[in-house]
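Trainee: I'd like a close look at just one part of this fold. Could you walk me through it?

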Amino acid sequence: SREMKHTFPLIAKDFADCVVYIGNDCVTVAVPAPADGLSEEAVARITDVICTSTDYDASQLNIIEVKA
């Protein structure tokens with residue numbers, strides 16, 4: 001599926017348990033996060049992977065931080 005195609009690059013960037021959902025107008029990424037949230041660097045890496053591998057831009061990206 002197209003979601004799986006974008007999950008693999010995120011796994012390579014240390015986001016092993018992420019889930020990617022691609023809708024008509026946005027991309028949602030659910031990713032495990034530490035208690036204090038994702039770092040700016042982590043958000044930037046996720047944004048870079050999604051924006052370079054899809055036709056979506058950062059304004060169309062939703063990152064859901066899943067805390068343990």
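Trainee: What kind of unit do S2, H2 and S3 make, and of which hand?

Mentor: They make a β-α-β unit, and it's right-handed, meaning that, with the strands pointing away from the viewer, the path from the first strand over the helix to the second runs clockwise. Before we dig in: this is a predicted model, with residues numbered from 1 along each chain as its sequence is written. Local features need pLDDT of at least 70 and side-chain atom pairs 80 or more, while totals for chains, interfaces and linings use all residues, and side-chain values use heavy atoms, with hydrogens and water left out.

For context, the protein has 2 helices and 3 strands (DSSP runs numbered from the N terminus: H or I of at least four residues, E of at least two), in the order α-β-β-α-β from the N terminus. Strand S2 covers residues 27–33 and runs parallel to S3, with 7 bridges joining the two; DSSP has to find at least two for strands to count as paired. Across that pairing, Val-31 sits opposite Glu-65 of S3.

Now the helix. H2 has 14 residues, which should span 20 Å at 1.5 Å a residue, and its end C-alpha atoms are indeed 20 Å apart (the expected span is 1.5 Å times one less than the number of residues). Ala-42, Ile-46, Thr-47, Val-49 and Ile-50 of H2 are buried, that is, under 20% relative accessible area, where exposed is over 50% and partly exposed is in between (1.4 Å probe, protein chains only). Seen down the axis, the buried residues of H2 fall within an arc of 160°, so they line one face; the arc is taken from the directions from the axis to the C-beta atoms. Turned away from that buried side are the exposed Glu-40, Glu-41 and Thr-52.

What comes after the helix? Thr-54 sits in the loop between H2 (40–53) and S3 (61–67), and it counts as buried because its relative accessible area is 13%. Its side chain makes two polar contacts (N or O pairs within 3.5 Å, one able to donate a hydrogen and the other to accept it; sequence neighbours count only if both atoms are side-chain atoms). A polar atom of the Thr-54 side chain lies 2.6 Å from the backbone oxygen of Ile-50, and the side chain also reaches the backbone nitrogen of Tyr-56 at 3.1 Å. So Thr-54, buried at 13%, has contacts to Ile-50 and to Tyr-56.
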